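Student: I have a chain and its ligand to go through. Can we take the fold and then the binding shell?

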Amino acid sequence: MKDFIYQASSPRVVFGADALQHLEREIDLLGARRALILSTPPQAAGAHALAQRLGDRSAGVFAQAVMHVPIESAQAARAEAERLQADCAIALGGGSTIGLGKALALTSGLPILAIPTTYAGSEMTPIYGITEAGLKKTGRDPRVLPKTVIYDPTLSSTLPVALSVCSGLNAIAHAAEGLYAADSNPILDLMAEDGVRALVQALPVLHQQPQQAEARAQALYGAWLCGSVLGQVSMALHHKLCHTLGGSFNLPHAETHSVVLPHALAFNLGHAPQAAQRLARALGLDQPGAVAGALWDLAQSLGAPMSLRELGLQATDVETACALAMTQQYPNPRPLDARAVRQLLQQAYEGVRPS
Ligand code: NAD
């Protein structure tokens, strides 16, 4: 067994169908009295309904969260929190809304209560991102980790099937890279394996029956585990590539993860046999060597986009993306060489099944 360091750092988690009924209790437990509710514009109705229900416990709604947290929206949220004398923020939504909550926490110190409605997992991480002048800067800071997370699967049942699938594959990517992280540990390995298992079982059910309550619960449970892994160990090639593709070419977050994952795993798993074994077990496969292909088949059977071309990447961008990705230094199970990474990206661009 390899040496490891394990230090737990997790928000308080309240999980269950109708867990949202405990919101008032959870606000009280934070010692807060006036919550500013954050959402994206499409989820504003839900945010306003929550504000109405909270009555005096609500300071108001700020429904202007957008992808990648532009600094202007973080500043506007902070000004609104000050104007309304909010003493906590509730982030109701996916990674974009929770990201706005984190940016607010970073400069204001307000505690965040997150109510995730996708499977992105941001609520379990101390990682924040803020975009200024077109550049997304990310960092880690314990102040941005939500204090409380309410996981209520009922809220994710409105997530469109296509986004549910890609968001679920995005979550699987956190666990997969966590399994071969240089700083992995046995506890997070258990969480990663079970998170992948829960999601690969739930996603095909949701693809057929998007409202199926047990599958929604299972997928959200998987998202929690995978998000916890993302928050506590270092990610490698797959996440760096997706960060580059999202940040420099504006490709959609969950869909990009979903396309790149089988290719990144085909690249890495031969150099990470224990991770491959755990992933094979989670996928119900006998052969660890079959993991990347099986994930590609799963994504295809669920109607996920299969190529970066479909997501809007231009053929000429592949070279640039490779060059950008190669400028960073980070631990990766397989040593990175430009030709092999270029080939990986080309296959993801074309949507070829990895062997
Ligand atoms: P998102 O939050 O951008 O949501 C996508 C769209 O789906 C939005 O329009 C949103 O309003 C809508 N939506 C969300 N939940 C819904 C629901 N239940 N019903 C109907 N519509 C719903 O997407 P995302 O993939 O969750 O988050 C992506 C962002 O999060 C990216 O910017 C990414 O970088 C960031 N992220 C950060 C971390 C981290 O640890 N910091 C982790 C994962 C993702």
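**Fold and ligand shell**

Tutor: The chain holds 14 helices and eight strands; helices (H or I, at least four residues) and strands (E, at least two) are DSSP runs, numbered from the N terminus. This is a predicted model: local features need pLDDT of at least 70, side-chain atom pairs count only at pLDDT 80 or more, and totals for chains, interfaces and linings use all residues. Residues are numbered from 1 along each chain as its sequence is written.

Student: What is the radius of gyration of the chain, and why does the chain count as compact as a globular protein of that length?

Tutor: The globule rule (2.2 Å times the number of residues to the power 0.38) is the yardstick, and the radius is taken over C-alpha atoms. For 355 residues the rule gives 20 Å. The chain comes close to that, so it is as compact as a globular protein of that length, with a radius of gyration of 20 Å.

Student: Which residues come nearest the ligand?

Tutor: A residue is near if its C-beta atom, placed from the backbone, lies within 6 Å of the molecule. There are 29 residues around the ligand. Nearest come Gly94, Gly95, Thr117, Thr118 and Ser122.

Student: Which element gives the most to the shell around the ligand?

Tutor: Several elements supply at least two residues each, among them strand S6 (127-132) and helix H10 (253-268). Helix H4 (95-108) is also one of them. With four residues, the element that gives the most is H4.
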